[in-house]
Amino acid sequence: LVHAHLYFVKKKNRLLDTPFEEEYQKWAFELASNSVDCIQKDEKIDKIYSKNNGKMKFDFQKNKVIFTHYGSPFTEEDLVSLLYQYGGMKDEDQSKIGRFGTGFLSTLVLSRVVQISGDLISKEGKLSGFEVTIYREGNTTEELNKGIKKMEKSKKLNLPLKGKTEFKFILPDVDSNLKKNSEEAYKKGFESLKENIPPILIFNSSIKEITIQNKDERYTFSRI
């Protein structure tokens, strides 16, 4: 699993070092699509989220983008799939768009460091909070291996319930081609969301509300 993950991320990182124009916008829609799969279906398990079920928010801050949604908790398999993605991974449930499919790797154009917090449900049905940081910096096996070790060290389990899932995409702070691509993805991601959220709501009836904001603008699109 780790070797397949390393190979796939290394390949994806290299591709996104020189991204196509659409890659600067794609990441935001992959996040929205993934969160659709997390919208509650089991009231018994997901009742702690019911107030905000179907809502999501993109918060474009100075040095990071925070994406929040209020869907179902992670299963143990979900968490492994997110942390160790690799090509060819398919979910048996074909009704899912790809909750933690390889499309999530499109966010690498925005950030190679992602802080994740949410809730985890064990095989025994126990709910608890968790936190972990993904490090996908570098293009060599050695660099990515270091990232995996840092990720495992950052993992915190059995925390108090979070009641939401949050992804913090930390933007690069060192002048480089990576930072330039990140800034472009940040800018074009926000503008593209502004223009395209209405059709997202039209074609995904389970989404109730999407909010996007930066330091100057705030928009909330709701289903009537």
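Trainee: Let's start with a lysine and a ring. Which residue lies over the face of Y135, and at what distance from the ring centre?

Mentor: That is K150, placed 4.1 Å from the centre of the Y135 ring. Keep in mind as we go that this is a predicted model.

Trainee: Now for pairs of rings. What describes a pair of aromatic rings?

Mentor: The general idea is to take the distance of the centres together with the angle of the planes. In this structure the count comes to 9 aromatic pairs. Take F74 and F130: their ring centres are 5.0 Å apart and their planes stand at 85°, so this pair is edge-to-face.

Trainee: Where in the chain do F74 and F130 sit?

Mentor: F74 belongs to strand 3 (residues 74-75) and F130 to strand 5 (residues 127-135). With their positions 56 residues apart, the pair links distant parts of the chain.

Trainee: Are F74 and F130 buried or exposed?

Mentor: F74 has a relative accessible area of 0%, so it is buried. F130 is buried as well, at 0% relative accessibility.

Trainee: And how should I read F167 with F169? Is that pair stacked or edge-to-face?

Mentor: Stacked, because the planes of F167 and F169 are at 20°, with the ring centres 6.4 Å apart. Both F167 and F169 are buried. They also join F58, F67 and F104 in one aromatic cluster.

Trainee: Which residues touch the most other members of the largest nonpolar core?

Mentor: W27, F58, F167, F169 and I210 do, in a core of 41 residues. Three of those names, F58, F167 and F169, you have just met in the aromatic cluster. As for W27, beyond its neighbours within four places in sequence, its contacts include F60, V65, L110 and A185.

Trainee: Let's turn to a helix. Why does the length of helix 5 agree with what we should expect?

Mentor: Helix 5 (residues 141-154) has 14 residues, and at 1.5 Å a residue these should span 20 Å; the end C-alpha atoms are 20 Å apart, so the two agree.

Trainee: Which residues of helix 5 are buried?

Mentor: L144, G147, I148, M151 and S154. Viewed down the axis of helix 5, the buried residues fall within an arc of 125°, so they line one face. On the other side, E142, K146, K149 and K153 are exposed.

Trainee: Finally, how many helices and strands are in the protein chain?

Mentor: The chain has 6 helices and 9 strands. Of its 224 residues, 45% are buried. Among contacts between residues at least 6 apart in sequence, 70% join residues at least 24 apart.

Notes: Residues are numbered from 1 along each chain as its sequence is written. This is a predicted model: local features need pLDDT of at least 70, side-chain atom pairs count only at pLDDT 80 or more; totals for chains, interfaces and linings use all residues. Side-chain values use heavy atoms; hydrogens and water are left out. A nonpolar core is a set of buried Ala, Val, Leu, Ile, Met, Phe, Trp, Tyr and Cys residues joined through side-chain atoms within 4.5 Å. Buried means under 20% relative accessible area, exposed over 50%, partly exposed in between (1.4 Å probe, protein chains only). Contact means heavy atoms within 4.5 Å. Helices (H or I, at least four residues) and strands (E, at least two) are DSSP runs, numbered from the N terminus. The expected span of a helix is 1.5 Å times one less than its number of residues. The arc is that of the directions from the helix axis to the C-beta atoms. Rings of Phe, Tyr and Trp (its six-membered ring) pair if their centres lie within 6.5 Å; planes under 30 degrees apart count as stacked, over 60 as edge-to-face and the rest as tilted. A charge sits over a ring if NZ of Lys or CZ of Arg is within 6 Å of the ring centre and within 35 degrees of the ring normal.
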